[in-house]
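Biologist: I'm new to this one, so could you pick a single part and take me through it closely?

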Amino acid sequence: MLLCIRDKMAKILIIGAHPDDDEISAGLTALIALKEGHDVISVSMTQGSARNKQERLAEWELASARMGYTKNVIYDFPDTMLPQCHTDLIDKMRDLAHEYSPDHVYFHSNKDTHQDHKAVHDAASVAFRNGPSLYEMMAPSLQMSDFRPHIFYETTDILLPLRKAYALSAYKSQADIVSPQAGFMQMVTYGRWYRTKQHVRTIAESIDDDKLLHEIVSMNPFEIEPRNNDLHEVYKGIMALCPLGTIYAECFEPNHVVPRW
Ligand SMILES: [Zn+2]
């Protein structure tokens, strides 16, 4: 598929400003890549606000574990103040480039309205300008009218978007802004949008991981209220949100993409 560079597996870096950004903007893409056996390294440049750092760190660890990243990395740059750290951000990202030699790097868009996201964009554009393919991620803080995605990663395997929602539900302290259900429906929306594009082939897969599905249903990330605590009711509630054949997708704007597949 798209991420596979001929006969070698790809190394993918996803760089977000805050602990939840990677899952929000590229969680499905990461899961598709991981399932295909590629390495995915998730990076957060801050640990969230100083007020509840320990809580944010614990949530980030849990979300990363639920995602199953190859590796997760977190730095301690000051939340909301990344624009003041431009050269230090570049240095750290150069370290990442040196350590991991990624084939593909995903980071925030320059059309993002959050100052930390913009700062990550500016630093990553410099640090990774020689080599990997670069992709700009969508985020809720993006100016949608200006975003022109034409790279879509999509799947019909419900387990992957469910797993993204499951990972997002770890961010309890951010529950007012990070909604697992909104994240899930966002993937359905882009999946519909994807139907009008034909850049990526469909990966039609069946639900084959009963254990994980059971775990997700037990966690009930969408807080469906079952009668008699019946897990099958939760499963049916989730399936009602996404009938069979639904396409789930995330989209990206290419920054500097060398088509090597
Ligand atoms: Zn963020």
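Modeller: Let's take helix 3, which passes helix 4 in a right-handed crossing (the near helix is turned clockwise from the far one by less than a right angle). Helices here are DSSP runs of H or I with at least four residues, strands are E runs of at least two, and both are numbered from the N terminus. This is a predicted model, where local features need pLDDT of at least 70, side-chain atom pairs count only at pLDDT 80 or more, and totals for chains, interfaces and linings use all residues. Residues are numbered from 1 along each chain as its sequence is written.

The axes of helix 3 and helix 4, lines fitted to C-alpha atoms over the stretch in contact, come within 8 Å and cross at roughly 50°. That makes the pair oblique, meaning neither under 35, over 145 nor 65 to 115 degrees. Among the helix 3 residues that meet helix 4 are L89, M93 and A97, with A119, A123 and V126 among their partners (contact: C-beta atoms within 7 Å).

Helix 3 itself covers residues 86-100 and reaches 21 Å from its first C-alpha to its last. L89, M93 and L96 are its buried residues (20 or more other C-beta atoms within 10 Å; exposed is 12 or fewer). Seen down the axis, they fall within an arc of 50°, so they line one face. Strand 1 (11-16), strand 2 (39-46), strand 3 (71-77) and helix 4 (115-127) are among what covers them. The face turned away carries exposed T87, H98 and E99. After helix 3 comes S101, with a positive phi near 40°.

Conventions: Expected span 1.5 Å × (residues − 1). Arc of directions from axis to C-beta. Contact = placed C-beta atoms within 7 Å. Axes fitted to C-alpha atoms, helices over the stretch in contact; angles between N-to-C directions.
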